[in-house]
Every structure is written in structure tokens, then in C-alpha cells.
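Visitor: I should like to go through this structure with you, one question at a time. Please reason briefly before giving each value or name.

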Amino acid sequence: MSSEFKKPVPAAEIKERHRAEQVAANKAPTELTGSFETDLSLLRTLFHNSSDLVIRRFRLPIPEDLDVAVLYIDGLVDTRVVDQDIIQSLLRLSRIESVAERLKPGNAMDKIKAYLLSAGEIETSSAIEKISHTILSGDTALLIAGSKDCIIVNSRGFETRGVQEPTIEAVVRGPREGFSENIRTNTSLIRRRIKDPDLVIEAAVIGQRSGTDIAFVYIKDIADPQIVEEIKTKIESIKIDAVLESGYIEQLVHDQGVSLFPQMQASERPDKVAAGILEGRVAVIVDGTPFVLLAPVVWVQFFQSPEDYYEQSQLSTFIRLVRFVATAFSLFLPGVYIAMTSFHPEMIPTPLALALAAARTGVPFSLVTEILIMEISVEIIREASVRLPGPIGPTIGIVGGLILGEASVRAGIVSPLTVIVVAITTIGSFATPNHTTAISFRFLRFPFIFLGASFGLIGITTGLILLVIHLAGLESWGVPYMAPYAPYEPTGQGDAILRREFSFQRTRPPFLKPQDKHRLPRPEPRS
Amino acid sequence: MKNKLKALKILVFILIVVTLSFRGWSSSRDIEKRSFVLTQGVDTAPDNTFSVTYSLANPQALGNEEGGGSKGKESAIIYKTRCRNLWQGHHFIQARTEHPLFLGHVQTLVLGEELARQGIGRVVDVFMRAAETRLKTWLVVAEGEAGKILEVAPKPEKLAPLYIGRALEMEDYLNVIPLLRVAEFGIRLRNPGEHPVAPMVKAGDDELALTGLALFKDDKMVGKLNHEEMHYFFLTVAGKGHMFKRVETSAGDTFSYEISNVKRRVRLHRTGDQVSFSVLLAVEGNIVEAVTERSLRDMEFLASVEQVITEALAKDCRALLTKIQTEFQVDSFGFGAMVRGRYPKLWAQLDWDQDFPTVPIKITLDATIRRLGMVSE
Amino acid sequence: MKTNRKPVTPYQAIAIVVNTIISGRLLILPRELCTEVGNGSWLMIVVSALVALVIISLYTAVGRRFSDSSLPQYTVKTLGVFGGSMLALLFGASWLIMASLSARIFSAVIITAILPRVPLEVGILVMLLLGAHLATKNIATIARVHELLLPLVVGAIFLLVVPSLSRVSLWRLLPLIEPGSLKKLGTGILVGSSSFLGLEIVSLFMPCYGRPELAGRSHKLGILIVAAVALLTVEGCIGVLGTGTLARTQWPTLTLVRMISFHGIFERLEAPFLAMYVIVVFTTIGSMLFGVVAILAQLFKIKSQAIWPYLLVIPAYYLAVGPPNVIAVEKAGQIFAYFRLGLVVFTPLIVLLVAIIRGKEDRPDEKQAEGS
């Protein structure tokens, strides 16, 4: 019954069709021919003689001089692998007599693979598209005269950032490792946390031009196969030229119309993702970004931080409640403040009401204008301090905030309480562990300001109702967004806003429909 | 097609929201653009008119305190007018102020004694009917003119109009009298078998004092209790009444007794169509002053002192009861409500206002001494 | 994405019953009962709750028998196309009127109490639009909205009524039954029972229950929660205000709230109370309008309901602004409630009777055929 949206893919589809037509018209070969020189020129033209394509030709004595060429992209490969494990080993080993004898008869390709190549991960292929993709990913292609196939050696070794501390999702207690841009590093970070053969890492490539590697990570006997299947088909069917960050995927799979609330959770913390996978979620790792996606998500997840599980449950529950209150403040406070002072001043204790009135006398603007001026200035300061170069960013933020606030009060443009309200609102919005949701809530407070200024508290409730209707209608891969509250699931309550002791969280979240329901074994019956 | 419909829907939605918002917007009023009425005083005036006094807060005088130089400014401004009804007076005063008058913060409603004796049903009705006014407003009766009360600026309070409320709250804290607000007055006014009461306030030169209690029969004030009688009244009616009683024994020793706790029980008896009440008061307290040669550690002596205290208190209570029953003839105790609750059929036959003065009410009081303070004898 | 055809959980069923029944009526119910039977109002609530339990059991029984049909479908199945459709339309009309009356009454409260300068029409429109917006959603969403708002509906009333209970005077609660009031028992029960109206909405949700075997339990629990809330409110009002004052208080529940304060932070709570009450009234109006939408959609086989439910606001609005004043609205509401009570009681009886005589019911194989 819900209205469905057409996905914004037609443009990409048309483009792909167009490209396929072109290829057909040019009659470009899709396979290697087997002729050494033709193949070499074929590959060279494929890359348009690109300057970073290195072609190194040499000859091996199998049985006589055999033309061999190594192709790779400079900068993407680990030159040590190319030099030692490919070129050196081919040239050296072929000259050792005992080896050379065995090389004489038979297929050169098999011999090379069997005796000469010391590199670890190799495969063979003759499909040009496959070869070009692997070369572009940092592999080295070994072209051998007289063979239709080409050996692909894994030599990826481009410069990447190492494992560093995550910047956005900082925790007090917990591992300091964050994901990096390299997909392999990222899978290894997860694998190291879950040493379970049932942890499945499935690879896929999306983006017609970017050819971005992605990986679906889940635990085979926990994750609901239907959800896994749905996530895989949906993401693999994305048609777009390039995927430069996981945010592309997050937005392209959004199938519920307009919503400010993410359908997937992005995280740069391996422990968080591992915990998600263990609960029965699917992680989507995208090469080139440290932000790994988790799906399906529910709303309460955005108030949870991995350190909740590392601290005492009572403390974590308290901290979660604090986050919840902080978020409520960031969403409602300015609106409620306007509503109370402009519509319901009878609510405020008399001395405070008089103090407010006294503070506001002389302020030339109406309260709404005043609040909007301050809110927008704070947003500007916040955005600017992100853009400012590293060390001075926070300084400028503090200086800007303090000086602007103080000066505007002195100048009589705003009243002191407005500054307090705006400050609490802004600080409150940073207590949300999830960056995307924090922005959503910050954005949503503007409608609440307008509603509060129009109908007082009645307007605030109206906005709240609309928000609840919207949230109740959302689903993330079939999982209701407001689970475990709507639909209410008693077993899911142990880890929602509350975090109970582990002994109360024996089961995995029921709304994820995990196959293996139990996290902890059932307690032994007391004898 | 579907997208277009959706767009249309959103557009219409926004349009409606904006239109409605603007209607709402116009009804908002920033807090500094209201004149806060903090106290309302109502008196009778000649020619069947009222004299209405408003005390408005002057926020500037409060806000600029630290800036200095504004000490001369009054924290409250008094407006006075004569009118045929209260709302007319409101409009007369409105015409003299800068911002719309706001009744949401009225702390105290002061009624002149003369008005109270004539009947305050109209005033209370206006107050209960209006939505802006607060039901937690204190209702007090002024000894003399209500307008005078508003003009007094008690020294300790920065904002004079808040003084009466603070003082009454303090009395509740000290367990002297319960909280008596306009809601309680209005509710009692209309319920069968109950009659309202209101504290009385007297204006001095620059101080206000709680002087007693006004007893109402329906909406008309019929009697006045002085400060001591008020204590006994709340002792009997609500088990409250923190007070000191000085007694003298036959041997000439004097003691001061502080009531700390009262347990109250009322029994209703019925014989035929005749009802009677017995009030049991178990009073606990401490000796706070003793002028005697004998030691209070002597149990017999202690018992005799208790006896003296009991008799003294009981005598005062009975005197108060007689005064209310015979002189004022009003059931301020709410005994009628008990008859109604217990014997509804009998209640329907009774004319309680007529019957109350002759109903036998027996007060049994028992005072015990709990502690002697920091001195052991 | 596949959609669950039976998404409504037992918890949601409770929430639907409670949220739909509790409405703006609760603001005036203590006075209505008090003017009829005085101190005996609690008895009326208890008896009415029993009556409501019987009525909802009828709906549960019909719903269980026609496990795959909602109200318009089973009236058509039992009473024929014309009779059934007419009856269903009558329900739709009554819900539409109910929605507009609720909007009108509540707007009047808001405008009197906290937003004196906002036009009445704006309040009505806001409430109706909110309700219509809910009605455009699918059943799963609506059920979830009810579930999420249930704590706010019940919690708001409890939170704001319970503190005032400390002011309850025992002697105002007595006598438990006033002499002579038993003569008015009939009207008292009628008034009380009509305050439980709205329970018939379960007839639309029942075919979507995930566990229909628990329907009876959920429904009864819902009624009991409503009864507890109503009892608490009515007794609170009598105990604090006394029958004499209560009988002349326009919105006693609101007056009760006006007397309490949240020390040091909020001096008066009527604005937050009414703000929370928006949710109470919204859930009722939303359910009612959803009922109208569901009946029209099923009778005329309309598939999409993304836009047209908003059009229902137009007739509802004109119905709401019709009556000249609060008294007329209440009088009309009372008469209308009696009519509705008749409709609500007799429809399931007739349907059940005809179904048993003609042996009609939804069989499992039929269900599968429809499901494919």
C-alpha cells in the first residue's frame, strides 16, 4: 500500500546499453587471441598507451627463447613482488639446470606455473575484461607467447593509510583500531575478531567505471538468508558509473521515498561491525573508504555505542539514557523554549518568567528570529570548524562560539537564555554516536522551531506525531525501523534503550530473525 | 505520474502547513510584551461598584539590578480603578498599560473585608471561569481595604507581590495552616456540607501580617478567628497547628508546650434522625520552657503536667467550637460532608445550615509530652 | 519486498483498542456521569466496562469466524451486497462524524485553555489533517504508530492525574452510591457504555492479526486498561472537586490538571497536558478516519490510498464547524453516541446470527486461495 518510488537508475542503464552498442560496433575482441604481439598491442591500446602502464618484456629459455611480458600499473603494485617473485624468479629459476631439464617438453604455461613462479596467489584467464580489471586493481599480468591464457599474479601493494584510530566514532574504552581504505585490511580486521569458518566474505564489483570492489560479510548460520539474499541482490543491481564511498550505496538502496533516517549504518569501527555481524546483520565493505555499512538497521541502534558493551550494564544504560535525553534536547529544546515563552508563559515559574522578560527587554527581534539567528550562526561555526585546517579548527570553533555569543548578548541582539538554549542544543546533538542521525536531528529541529512558534506546545506535539508516523512506516530490509518497540518484542528489550546484563541478553535481537537465536547458552538448570 | 502526485501532495501539504502556521503565528506573543499581573485586589466601592487594584511586575527593575543605577525603580507598579464588574476594571487598567495584561501569573487575590461580607461569589466565578488565571492563586481576605495590602512593600522581598504567597507557603511548611488556594475555596463553595475559609492579612507600614482566618457561609464572610483561634481551628479540622501553649499549674509552676504532632479522629454517631460527633485529638509535643522547682523526671509530676496541658488545650478547643457553632453558625469543619457520605438518605432530609448549631459535638483531647528538649529535667 | 499480510501483533491490538477508545470524551466524561448519578459514577464505569467486554467479545467472535474478512467484507458476505454495503457505509459515516466531533471538541478545549487567539477552524483542520495523514498509511504502519503512542496516551493521563490524587478527599468520594441515583442507572450505563465506543474498529484490524487466537485476550486487556484509566480519572475528579463542583466544571479532567504543578520547573501543566492530549485525540481521529478509508477502499475496491483520504477532511471539517457552541456539540454528541451504540451492538449480533444460520465462515482453503 505504501507508495513506491522509481529508482534513479535509468540514466546509468542507458549509458551501459550505449557502451555495449559501441563495443559491438567496434567488434573489439573480448578474448586474447593467443598471438603474442597482437595481444600485447591489444592490451596496450585498451589502456590507451597510458603512461603508468608498465610493460616489461623478456625471454625465457623454455625450451628455447620464449617471449614473455609482464604488465602492471605503476604505483598500484608492490614492486618487490613484481621484481622478486615474478621477474627474478622466472629468470633465475629457468637458468638452473636441474629445472631447465624438466622445462623442456610440454606446455610452457603449466611449466611456468609449476616450476618458475614463486608468487603466492595466481590465476589464469583469457578474458580481456577480467585481465584489464585485475591489472587496474594492482595485479600483474604475465603474458606468454603461444598461450591464449594469461597468468594473473596478485601483486597489489599500493600505498594506503594504515590502521589508525577512528576519528568520528571515538570511544573512551575500546579498541583504538579503525577501518582503513583498503578492503583487504578491513576484511582482515573483521576476520581477526571473528575466527569462525562460518564468517562468509563474498566479493562483488559495482560501478561500471570505478569497478569498486565490495564485500558482503556475514555469518552463514546466524544471518537470516532471506535478508542476506535481499541485500546482495539489491546492492549488486545498483547501476551507477562509480561508487566512491559507501554513502553512494546507502543512498541508492533507499527505497522508501524521502527520509532523513539512514537505511544502513555506517561505521568505521571494526568492533562495532563485528558485533553487528554477530547479531545477524550483514556488513558491506566498500573498497576505498573506511566506512563500512551495516544492514538491516533499527532506530535505537543510533543511540548505541560499542563501549556500552565494554562497561557495566547499569552505567551503559545510564549513558544511553543521557544520549537519548541529549538527542531529545537537540531536537525539541529551541522549539519548546519558543513555545513556552511565547505561548505558555504561565507555565514558567513567576520569578523566572519575570527574569526572562527582563532579559528580553531591549532585544529588538522576536524570539523566533533571535533563535534562528543563533541557530544558523552555530551551524555556520560548526561547518566552518570542520573545514578549517586541523589544529586551528576547534580553536576557531570555540573562539567563534564564545566571542559571538558573548558579544551578541552584550550588543543586546540576543538574550542570554537564548544563548544557553542554543548551546545546549548544539552540544546535545553531538552526543548521538551516529553522525548521520545527528545531522538528521539537527536538521529536524528547524521544523520544530517553526511549529513551536506557530502553535506552541500543540505544534511540537503535531511535529512529534508526524515524526512518529514517518518512523513507524520505515523498514530496513523488511525489519521495522522502530523494532523492538514497534512491533514490541520482549526479548529485544535487553539491548535497546536499556542495556541489561549479558545474562539478560541471551538471545540475539529477534527482529533480525537470526537462525541461531542464542548468544549465551541457556542457563544450566539448578540441581 | 506517481512522482507527480507525490510532489503535488507534498506541495499541498506544505501550503496548508504554512497557511495554518501563519494563523498560529499571529497569536504568539513574546514574553517581554506582556504585562504580568501579580496581585489582584478587589474592594467594594460606593454605588454598587468595585474598586479593583492590580499590581503589575516591572521586569526592568528586576533585570538591571547588577547594572546599578536603577534602584529607584519600583519592582511592582500599582494601578487602581473603579468599575461595575471585574472585566470592566481589567479593561480600564489595560487602557493605561503598554502591553496586554497577562493574568497567568496572578499570585494572590486579595479581597476587602467589606466585599467578603457582602459575598464574593461573583469574584470567584470570574476567577474560576477564566482559563488564563491560575487555580493555585492564594486567596486572602484583607482586614480593611484590599488595595492597601497591595501598596505595602515588605522589606525582605525583592518583588513585593510574591510576599503573601511565600509567607503562606512558609506557614504550611511550619505546619501551622494548610495551603488555602482559590481552587480549594471554589471547590468548597459548591460542595454540599462544606464551607470555605480564607486567611486574613493585615497591612502595616511596611509589613504584612497573617492575622487570622475568615469563615465563610457559602460566599459570604460570617466570622473572623484571631491568630490563636486559627491554630485551634486547624488543630480540630486538619490535625495541623504547630503552636505554643503556656500553662500554669495550681502550684504556680509554668510550662510552655510545643505541639509537634496531632492525630485526629472524628466519629459520627447516629441515633434516629439525630447525628452527633466526637472528635478525638491525640496531641504530641515537647516542653520548651519550664519554670519549676520539681523535676520532670518524676513520672507522677509529668503526668500531672500533661493533665494540665490537656485541660488547657481542650478548653480552648471547646471555646472555639462553641464560638463557631453558636456565634457564626457555620459548619467550617466540613462535618456536613461526613453526614452526607455516611448517611446519604438522612442528609437529604436535613437542612444542615439550620441543624448544625444544635448538633452535639464532643471534643476529647489527650496531650502527651514526648521530649523535654536538651535539658533533662 | 514482500509484505507481511498479517503484521498486527497482540501488543499492537491492545494499543489499537486503548488508543481508539480513549479520546477527548475523557475530558468531559466525569461531569457527564456525575450529573447523572453523582457519587455512583464508579459503578457506571465498572458496569459499562463489562458491557464493553461483551460487545468486544462479539466482534472477536465475528472476526474469528471470518478470519480473513474485515467489517465491510463480512457484512456483504452475510447480508448481501446491498444490505451489507449499506451497513458498512453507516459505520463509515458514524466514524466520520465521530472524527469531526472529536476534532471540534478538542479544538474548543485547546482554544479555550491555552491558545485563545488561534481560530477554532485552524485547530479543527490541524487535528483532522493529522488523522487523515495517518489514514493514508498501511495497516502495519498504523498498528505501529498506535503501539508507539500507547505509552504516551496512557502515561500522559496517569502522570498528570495521579499527582492530583493526593488531593482526593475521602468524604467527597462518599457515599459510594447516592440514594435515588439508581433510578438513573439506565442513562448512566448508556453514557458510560458510549464512552467505550471506538472498540468496533478492531473489526477492521482483525483479519491482519498475526496471532488471531490471542485476539480475545488483547481486546479484553485493552478494555480493562481503558476502564482503569476512566475509573481513575472519574474518581480523581470526584475526590478532588466533589460532586457539587464537578457538575458545573466544563472540562473536569483539565481542571484537575490545572490544580497541580511540577515544583520549581513548571508552574502549570495544562499546556503540556493538552499537548500530550493531542496524541490521545489524534489516535482516535486517525483510527476513525482510517476506518472510513478502509470501508470505502474495500467496498469500491480502491487500491491506492496515498492521496484521497485527505479529501475526507473536507466533509469532516464542515461537520465539525456546524454546531454553534460547545453545548450544542455535546448534546449532538450524546444523541449521536446512543445511535452509534445501537449500531455497534446490533451489527455483530445480526452478522453472527445470519452467519450461523446460513453457515457462512472463512475456511482455511479459502484463505489460501485469496492469499495466492
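Visitor: What distance separates the centres of domain 1 and domain 2 of chain B?
Guide: The model is a predicted one. The domain assignment of chain B places domain 1 at 34-226 and domain 2 at 243-371. Taken over C-alpha atoms, the centres of these two domains of chain B are separated by 33 Å.

Visitor: How many residues does each domain of chain B bring to the contact between them?
Guide: Residues count as being in contact here if their C-beta atoms, placed from the backbone, lie within 7 Å. On that basis, domain 2 of chain B gives twelve residues and domain 1 of chain B gives ten residues.

Visitor: Which elements of domain 1 of chain B give two or more residues to the side that touches domain 2 of chain B?
Guide: By class, this side of domain 1 of chain B has four nonpolar, four polar and two charged residues. The elements that give two or more residues to it are strand 8 (208-217) and strand 9 (220-226) of chain B.

Visitor: Turning to chain C, how many helices and strands does it have?
Guide: The C-alpha atoms of chain C fill a box of roughly 60 × 45 × 35 Å along the principal axes. In chain C, the count is zero strands and 15 helices.

Visitor: What radius of gyration does chain C have, against that of a compact globule?
Guide: Of the 372 residues of chain C, 58% count as buried. Among contacts in chain C with a separation of 6 or more, 84% join residues 24 or more positions apart. A compact globule with 372 residues would have a radius of gyration near 21 Å, so chain C agrees with its value of 20 Å.

Note on methods
Residues are numbered from 1 along each chain as its sequence is written. Chains are lettered from A and ligands numbered from 1 in the order in which they are written. This is a predicted model: local features need pLDDT of at least 70, side-chain atom pairs count only at pLDDT 80 or more; totals for chains, interfaces and linings use all residues. Domain bounds come from an automatic or database domain assignment. Two residues are in contact if their C-beta atoms, placed from the backbone, lie within 7 Å. Helices (H or I, at least four residues) and strands (E, at least two) are DSSP runs, numbered from the N terminus. Ala, Val, Leu, Ile, Met, Phe, Trp, Tyr, Cys and Pro count as nonpolar, Asp, Glu, Lys and Arg as charged, and the others, Gly among them, as polar. The radius of gyration is taken over C-alpha atoms; the globule rule is 2.2 Å times the number of residues to the power 0.38. A residue is buried if 20 or more other C-beta atoms lie within 10 Å of its own, exposed if 12 or fewer, and partly exposed in between; C-beta atoms are placed from the backbone.
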